[in-house]
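Colleague: Before I rely on the terms used for this model, I should like to hear the reasoning behind them. Please take me through the structure shown here.

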Amino acid sequence: MTTPHTSPGGEREPTQITLSALEHHAYCPRQCGLILLEDAFTDDAATIRGTHLHQRVDTPGNKGRGTIRTLHALPVWHDDYGLTGTCDTVELHHDGRILPIEHKSGRYIPGGPADVQAAAQALCLQSMFQRPVPEAAIFSAADRRRHLITIDDTLRSRVLHTAHAVRTLLDSGHLPAPAADTRCRRCSMATHCMPQALADTRRYQQALTALHTPDHQDNPA
């Protein structure tokens with residue numbers, strides 16, 4: 001992350017948010033906070049598979065295949081939105097179409113956090129190339145196929161809302177409350193986060209507070 005700075009025109013530019021931070025926050029704000037505020041990250045089988053997958057596709061360069069030129073590990077950014085990151089793969093088609101492709105090791109979940117990251121890539125490319133990028137793709141290694149998403153106003157707003165939420169998190173410096181729900185079973189940081197333990201502690205403290213309020217004290221004999 002970079003700190004905000006003032007442009008030559010005197011306007012304060014937004015803090016740069018990485019595209020991966022958008023996905024982490026969309027999945028779980030606390031997970032994002034642990035990574036950004038405490039520099040914590042824990043690998044599990046899923047993240048290791050993802051790392052190996054990205055190592056195969058994130059070698060910088062470009063290749064030609066018929067009428068399609070493929071770019072790998074392409075740095076992208078959007079100055080106005082304060083976004084920065086790297087696209088796994090970008091296809092440049094002969095008809096001018098630009099298609100970012102985000103690679104994931106797990107199964108694709110429609111409307112999930114990966115949509116936010118892929119949409120942010122499309123918005124960055126649209127700004128850089130000064131042409132519409134109406135679609136993005138997510139390649140799922142689990143089912144070995146691409147899933148196309150449309151970059152509509154709703155998804156664009158979701159990207160900007162998530163970026164704002166990440167900046168708010170950084171400005172506050174406080175970890176969000178744990179989710180303590182089904183997301184935790186798929187999270188590599190569950191042990192570090194200890195969501196259930198924290199949730200139990202919070203409920204215990206709330207119960208103690210309730211017992212010491214006048215409404216919950218025993219009436220004198």
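The exchange below sets computed values against the cut-offs that give them their names.

Colleague: What kind of model is this, and how many helices and strands does the protein have?

Modeller: The model is predicted. The protein has seven helices and seven strands, which run β-α-α-α-β-β-β-β-α-β-β-α-α-α from the N terminus on. Of its 221 residues, 39% count as buried.

Colleague: What makes the pair lysine 104 and glutamate 23 a salt bridge?

Modeller: The cut-off is 4 Å between a side-chain nitrogen of Lys or Arg and a carboxyl oxygen of Asp or Glu. The side chains of lysine 104 and glutamate 23 meet at 2.8 Å, N to O, and the pair therefore satisfies the 4 Å limit. Lysine 104 belongs to strand β5 (residues 98–104) and glutamate 23 to helix α1, so the bridge ties together parts that are 81 residues apart in sequence.

Colleague: Why is glutamate 23 called buried?

Modeller: Its relative accessible area is 18%, and buried means under 20%; glutamate 23 therefore qualifies. Lysine 104 is buried as well. Besides Lys104, glutamate 23 touches Pro113, Ala114 and Gln117, residues up to four places away in sequence not being counted. Salt bridges with shared partners also join Glu23, Glu102 and Lys104 into one network.

Colleague: How do you know that arginine 146 and glutamate 91 form a salt bridge, and is each residue buried or partly exposed?

Modeller: The closest N and O atoms of arginine 146 and glutamate 91 are 2.4 Å apart, which is within the 4 Å limit. The pair links distant parts of the chain, with arginine 146 in strand β7 (residues 145–150) and glutamate 91 in strand β4 (residues 83–93). Arginine 146, at 37% relative accessibility, counts as partly exposed, because that class lies between 20% and 50%. Glutamate 91 has a relative accessible area of 4% and is buried.

Colleague: Why is no salt bridge assigned to arginine 30?

Modeller: The nearest side chain of opposite charge, glutamate 38, is 6.4 Å away, whereas a salt bridge must lie within 4 Å. Arginine 30, in helix α2 (residues 29–38), is nevertheless buried. Its side chain reaches the backbone oxygen of proline 176 at 2.9 Å, and this pair therefore meets the 3.5 Å limit for a polar contact.

Colleague: Why are helices α4 and α5 called roughly perpendicular?

Modeller: The axes of α4 (residues 113–129) and α5 (residues 153–172) cross at roughly 95°. Angles of 65 to 115 degrees count as roughly perpendicular, and α4 and α5 are therefore placed in that class. Among the residues making the contact are Val116 and Leu123 of α4 and Leu155 and Val159 of α5.

Colleague: What makes alanine 73 and alanine 180 noteworthy in their phi angles?

Modeller: Most residues other than glycine have a negative phi. Alanine 73 has a positive phi of about 50°, and alanine 180 likewise has a positive phi of about 50°. Alanine 73 is in strand β3 (residues 68–78) and, with a relative accessible area of 12%, is buried. Alanine 180 is found in the loop between α5 and α6 and counts as partly exposed at 30% relative accessibility.

Note on methods:
Residues numbered from 1 in each chain as written. Predicted model: local features only at pLDDT ≥ 70, side-chain atom pairs only at ≥ 80, totals over all residues. Heavy atoms only, no water. Helix = DSSP H or I, 4+ residues; strand = E, 2+ residues; numbered from the N terminus. Buried < 20%, exposed > 50% of the residue type's maximum accessible area, 1.4 Å probe, protein only. Lys, Arg positive; Asp, Glu negative; His and termini not counted. Polar contact = N/O pair within 3.5 Å; in protein donor to acceptor, adjacent residues only side chain to side chain. Axes fitted to C-alpha atoms, helices over the stretch in contact; angles between N-to-C directions. Parallel < 35°, antiparallel > 145°, perpendicular 65-115°, else oblique. Contact = heavy atoms within 4.5 Å.
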